[in-house]
Amino acid sequence: MREMRYISTRGGIAPLSFKETVLTGLAEDGGLILPERIPVLSAEEKKALRDLPYQDLAFKVFQYFVTDIPEEDLQRLVNKAYATFTHPDITPVVKKGPVWILELFHGPTLAFKDVALQFLGHLFEYLLSERGEKMNILGATSGDTGSAAIYGVRGKKNLAIFILHPHGRVSPVQALQMTTVTDPNVFNLAIKGTFDDCQAIVKLLFSDLEFKHRYRLGAVNSINWARVLAQVVYYLFAYFRVTEVEGIEEVRFSVPTGNFGDIFAGYVARRMLSGGIERLVLATNENDILTRFVNHGDYSLREVVPTISPSMDIQVASNFERYLYYLYGENPIRVREAMSRFAEEKRLVFSEEELSRVRADFLSLSVSQEETLRTIREFYEETSYILDPHTAVGVRAGLAFRDERPMICLATAHPAKFPEAVSRALGFEPPIPEPLQGLSEKPRKVVLLPADPQVVRRFIEENAI
Ligand SMILES: *Cc1c(COP(=O)(O)O)cnc(C)c1O
């Protein structure tokens, strides 16, 4: 394999290896890290990948981007990462009514973030033991990311994790998922305050560089390239499966989007296939900045509205800068200009020429909460299949843009994680799958702390590894 180096979207860093990229997270010039090139698969390569089981496909895809970890080690990391999934296909794709559903919720926390975070946990453990270092991961969560990160890190050597959540303000299922993890290296901090308070505390602690370095604080946020990379695999997996069954060489994917992470992975897969994915459907809830971007060239910030698909209640999509880099012809100077303009004016506008290129990549629809509930209801009536509210946003948009090509809708969470929304739509709660059963009887590990950065700092000092 040709060596792969990594660059910043803002052009201000010396090229990095994959390992450095994983441990760096955000580039030092404030940009996001990208591979210096996205490989395009030849017809022979596609043929060789087409029938592989998920883990083998993941290993082969990673090999293009990970040229500084020995093959046997990479293979072992992949196998360990996906051993926790309960479906033999890891991310099975099933035909339901007029669309295909790509089920990404068979990991330990029943949401798609497991696909990336199960891999990232093993990768971190491997890289830290190689360097003889330790890391304390610190983060704030309003739900999904926190539990997926905790399950990625639990029981790993040289790693501990401190996750802050707003006490009494995350859904009961999500609170239980987090606090019933009792491993010695996992610390759940329930903060007497809001999610914004939690985030402000985390930000403040990271900005104290002395503290950050002394306790080797790390993050697992969605800008880490390894997370994007892990997600590229299931697009290729679903593409190969569905085109095989349908006998059609071109598909569309519909992706419920928040931070632009998942759909950016789709964009990478689309470039690798060069032709197999006609367009990606970018589905948003009422927080529609990305839909306004695709449909009107208007990327302007508005207030975040809370919805029944909370993991998509985002306005500034942290991975968007990666797409801008390609839209601006891989020119880091233009990315830098745009990002500083956006920081000042809270908006970006695009030319007709740029917009026509955006629309060659994406179709987009914003779906209201009412339409989301109606989609859950109608889809159930037609197919007996229960959608979670995030998936329903994607399915609604997928149905709107369906043509003769197969439409593959990403199912990003199991419906049992969002029983309130499902019950509003259907009048009953979804059946509880095995991993969520009996959670409320399990022992818990959580400390209740005031929304005071000094108290949280002291807790970390006393418990960091
Ligand atoms: C995080 C999340 C999303 C949004 O994913 P992005 O990568 O932020 O676009 C969608 N659905 C669920 C269930 C999620 O947890």
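How many residues does helix α5 have, and how far does it reach from its first C-alpha to its last? In this predicted model, helix α5 runs over residues 113–131, which makes 19 residues, and reaches 27 Å between its end C-alpha atoms. That is close to the 27 Å expected at 1.5 Å a residue. The helix is mostly covered, with 16 of its 19 residues buried. Just after α5 comes Gly132, whose phi is positive, at about 65°.

**Lys113 and the ligand**

Helix α5 is a good place to start a tour, as Lys113 is found in it. An unreviewed UniProt entry places the feature "modified residue: N6-(pyridoxal phosphate)lysine" at Lys113. Is this lysine buried or exposed? Lys113 counts as buried because its relative accessibility is 12%, and the cut-off for buried is under 20%.

Lys113 also belongs to the surroundings of the ligand. There are 15 residues around the ligand, and the closest are Lys113, Asp144, Gly258, Asn259 and Thr412. Sorted by class, this shell holds 5 nonpolar, 7 polar and 3 charged residues. Three contacts made by oxygen atoms of the ligand are set out here.

| Residue | Partner atom in the residue | Distance from a ligand oxygen atom |
|---|---|---|
| Asn259 | polar backbone atom | 2.7 Å |
| Phe260 | polar backbone atom | 3.4 Å |
| Ser311 | N or O atom in the side chain | 3.5 Å |

How much of the ligand does the protein bury? Taken alone, the ligand exposes 390 Å², and the protein buries 96% of that.

**Two residues with positive phi**

Phe260, which has a backbone atom 3.4 Å from a ligand oxygen, deserves a second look. Its phi is near 70°, a positive value in a residue other than glycine. For background, most residues other than glycine have a negative phi. Phe260 sits in the loop between β9 (251–256) and α11 (261–273). Phe260 counts as buried because its relative accessible area is 1%.

Ser384 makes a handy companion to Phe260. Phi of Ser384 is near 60°, again a positive value in a residue other than glycine. Ser384 lies in a loop too, the one between α16 (369–383) and α17 (389–400). Buried or exposed, which word fits Ser384? Ser384 counts as exposed because its relative accessibility is 58%, where exposed means over 50%.

**His414 and Gln454**

Further along the chain, His414 is found in the loop between β14 (407–411) and α18 (419–426). A polar atom of the His414 side chain lies 3.0 Å from the backbone nitrogen of Ala416. His414 counts as buried, as its relative accessibility is 15%.

Gln454 belongs to helix α19 (residues 453–463). With a relative accessible area of 42%, Gln454 is partly exposed. How far apart are the C-alpha atoms of Gln454 and Thr179? They are separated by 23 Å, while the two residues are 275 residues apart along the chain.

**The annotated domain**

To finish, here is the wider annotation. UniProt, in an unreviewed entry, lists residues 97–349 as "domain: Tryptophan synthase beta chain-like PALP". In the model, the end C-alpha atoms of residues 97–349 lie 39 Å apart. By secondary structure, the span is 48% helix and 19% strand.

Key. Residues numbered from 1 in each chain as written. Predicted model: local features only at pLDDT ≥ 70, side-chain atom pairs only at ≥ 80, totals over all residues. Heavy atoms only, no water. Helix = DSSP H or I, 4+ residues; strand = E, 2+ residues; numbered from the N terminus. Expected span 1.5 Å × (residues − 1). Buried < 20%, exposed > 50% of the residue type's maximum accessible area, 1.4 Å probe, protein only. UniProt positions renumbered as here; feature names shortened; annotations may be inferred. Near = heavy atom within 4 Å. Polar contact = N/O pair within 3.5 Å; in protein donor to acceptor, adjacent residues only side chain to side chain. Areas by Shrake-Rupley, 256 points an atom, 1.4 Å probe, with all protein chains shown as cover. Nonpolar A, V, L, I, M, F, W, Y, C, P; charged D, E, K, R; others polar.
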